[in-house]
Amino acid sequence: MSMNRTGRPTAPVVTAHEGFASLTDGRGLLQSERLIFEKKDYTRTGVDFADIEIAADDLSGLLREEDMGLPGLTEPEAIRHYVRLSQYNHAIDLALYPLGSCTMKHNPRLNEKMARLTGLGDIHPLQPVSTVQGAIQLMDVLARWLKTLTGMPAVALSPKAGAHGELCGLLAIKAAHEASGQGHRRTVLVPKSAHGTNPATAAFVGYSVREIGQTADGRVDIADLKARLSDDVAAIMLTNPNTCGLFERDIIAIADIIHAAGGYFYCDGANFNAIVGRVRPGDLGVDAMHINLHKTFSTPHGGGGPGAGPVVLSEALAAFAPAPWVVSGADGFDLLEHGEGESAANFGRMCAFHGQMGMYIRALTYMLSHGADGLRQVSGDAVLNANYIKASLSDLMSVPFPDGPCMHEALFDDKWLEGTGVTTLDFAKAMIDEGFHPMTMYFPLVVHGAMLIEPTETESKTELDRFITALRALAEDAVKPSNDKTRFTAAPHLAPTKRLDETRAARFPRLVW
Ligand SMILES: *Cc1c(COP(=O)(O)O)cnc(C)c1O
């Protein structure tokens with residue numbers, strides 16, 4: 001085992017911790033923690049209020065009679081509760097976070113510093129426009145970067161996530177069809193490998209979804225696409241690079257086919273990280289594409305928010321972009337909030353105010369600190385890192401589409417686990433015991449037992465090697481002939497919580513005690 005200069009091992013120590021349990025279920029310095037409402041002492045309080053006389057009739061008989069049921073905690077107890085819970089979580093600041101498709105990259109601290117500048121952090125969207133000229137100019141500069149990087153003439157900044165951007169793009173497409181008397185077009189084509197948000201968005205807008213098949217090498221099947229065209233097709237939604245981590249080589253032909261059939265080309269831009277600075281989606285015939293600022297441009301993934309998913313739009317769709325519109329004139333910048341002038345055809349708003357300003361600042365900081373050449377290197381390094389992982393593991397783990405390099409993520413299937421008694425889920429859970437967040441599992445759906453690994457460009461070779469060493473050790477153990485696979489089947493052994501019923505947790509959350 002190699003050591004660093006202070007004697008810490010640089011390779012993961014793969015030892016079994018079976019048979020040892022602490023007396024309190026703690027994990028070293030990580031203490032076991034219950035939910036705040038499960039702390040039973042409701043009689044104490046961390047604050048001493050003076051006794052006050054309340055006349056019963058002051059509240060017209062609404063005076064509460066039962067206890068409020070708030071847990072009684074002192075300030076240090078409350079702080080410790082939340083800090084302990086935060087330690088139950090994994091973060092990009094703790095270790096490599098290889099969730100494919102999610103692009104979990106380092107969030108540079110410079111971005112945070114800029115977002116907290118008083119002149120940007122302390123302003124309010126209801127201030128008079130004349131007092132927030134700098135902030136609107138920042139939106140305008142960000143818009144110009146996004147339009148330049150994508151080769152598209154317009155951008156709607158306000159959508160708050162990738163999925164929200166999809167909704168924005170499809171609403172613009174629907175408005176454009178209705179404006180040209182094509183409102184009867186009710187179908188959206190989606191490849192089988194698509195991210196679940198694509199068909200969900202199409203259905204939400206009221207479209208029906210028609211699936212298109214995939215070739216043996218993991219790309220859109222053009223013959224199948226042609227066979228599924230009809231005059232009620234409104235659009236195709238396609239991810240490029242696709243969710244198998246492969247570049248759609250026939251993308252220009254696909255764009256031509258859909259345009260000739262009277263439909264629009266919506267590109268899911270979640271994987272822009274793989275091509276930024278190298279390919280402009282506008283040159284590929286794309287009509288609308290969301291950009292997850294929290295993926296490609298390093299803003300934090302917010303656990304549901306605040307995110308930002310600006311949508312770039314082609315000439316044909318630009319007029320339908322939602323409000324607000326940034327315009328500049330002799331008196332400086334202005335925001336058009338209602339349909340007027342060139343924004344008259346807008347389909348409405350995506351959200352209150354202008355979207356996630358803090359994310360705009362972080363993303364623009366990232367762009368300006370990298371520069372055009374730096375962003376080109378981002379995609380180059382992201383692809384290089386993914387191929388390094390693919391090449392370092394593919395002698396042990398099977399690759400469903402082995403021909404040629406991958407883009408920014410390496411996809412494995414579960415063929416190599418056949419007959420071992422270990423599943424993709426078991427393998428992923430065992431990674432937790434080694435200190436790594438699992439990769440994306442069972443997605444894309446077109447690959448059996450899929451394991452989708454995306455390292456991103458922000459990982460050094462040393463970090464990648466640590467990850468690869470851990471995965472190789474696990475993979476070798478998984479395929480070793482042995483009847484004892486509990487390292488995998490009972491994993492995670494070292495996490496404070498074991499296998500959770502995630503479906504039940506999502507469908508029946510316990511929100512009240
Ligand atoms: C992340 C992702 C989305 C959705 O983006 P959110 O910002 O999470 O709403 C859509 N498509 C693909 C391929 C993605 O990876």
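Axes here are lines fitted to C-alpha atoms, for helices over the stretch in contact, and angles between them run from 0 to 180 degrees between N-to-C directions. With that in hand, the packing of helices can be walked through. One thing to keep in mind throughout is that the model is predicted.

A good place to start is helix α11, which covers residues 424–433 and packs against α12 at an angle of about 130°, the two axes being 11 Å apart. That angle makes α11 oblique to α12, and the crossing of this pair is right-handed. On the α11 side, the residues that touch are F427, A430 and M431, while α12 brings in F467, L471, L474 and A475. Sorted by class, the contact of α11 with α12 comes out as 7 nonpolar residues, with no polar and no charged ones.

Helix α12, running over residues 461–479, also meets helix α10, which spans residues 357–393. Here the axes come within 10 Å and cross at roughly 30°. Angles under 35 degrees count as roughly parallel, and α10 and α12 are therefore roughly parallel to each other. Their crossing is right-handed. From α10, the residues involved are N385, Y388, I389, S392 and L393, and they meet K461, L464, D465, F467, I468, L471 and R472 of α12. This contact of α10 with α12 is a mix: 7 nonpolar residues, 2 polar and 3 charged. Two names turn up in both packings of α12: F467 and L471 face α10, and F467 and L471 are also part of the contact with α11.

Elsewhere in the chain, helix α5 (residues 162–179) sits against helix α6 (residues 197–205), with axes 9 Å apart and an angle of about 45°. The pair is therefore oblique, and α5 passes α6 in a right-handed crossing. The α5 side of the contact consists of A163, E166, L167, L170, L171 and K174, and the α6 side of T197, N198, T201, A202, F204 and V205. By class, those residues split into 7 nonpolar, 3 polar and 2 charged.

Stepping back to the whole chain, the domain assignment gives domain 1 as 33–46 + 67–88, domain 2 as 110–366 and domain 3 as 372–507. The centres of domain 2 and domain 3, taken over C-alpha atoms, are 30 Å apart. Domain 2 puts 26 residues into the contact between them, and domain 3 puts in 22 residues. About 1900 Å² is buried between domain 2 and domain 3, and carbon and sulfur atoms give 63% of that area.

Finally, a few spots in the backbone deserve a look. Most residues other than glycine have a negative phi, and most peptide bonds are trans. Against that background, the peptide bond from N240 to P241 is cis, with omega near -5°. P241 belongs to the loop between β4 (233–239) and α8 (251–260). A second cis bond links F443 to P444, this one with omega near 0°. P444 falls in the loop that runs between β11 (440–441) and β12 (451–453). S101 is not a glycine, yet S101 has a positive phi of about 80°. Its place is the loop between α1 (75–87) and α2 (109–115).

Note on methods:
Residues are numbered from 1 along each chain as its sequence is written. This is a predicted model: local features need pLDDT of at least 70, side-chain atom pairs count only at pLDDT 80 or more; totals for chains, interfaces and linings use all residues. Side-chain values use heavy atoms; hydrogens and water are left out. Helices (H or I, at least four residues) and strands (E, at least two) are DSSP runs, numbered from the N terminus. Angles under 35 degrees count as roughly parallel, over 145 as roughly antiparallel, 65 to 115 as roughly perpendicular and the rest as oblique. A crossing is left-handed if the near helix is turned anticlockwise from the far one by less than a right angle, and right-handed if clockwise. Contact means heavy atoms within 4.5 Å. Ala, Val, Leu, Ile, Met, Phe, Trp, Tyr, Cys and Pro count as nonpolar, Asp, Glu, Lys and Arg as charged, and the others, Gly among them, as polar. Domain bounds come from an automatic or database domain assignment. Buried area is the accessible area (1.4 Å probe) that two parts lose on being put together, summed over both.
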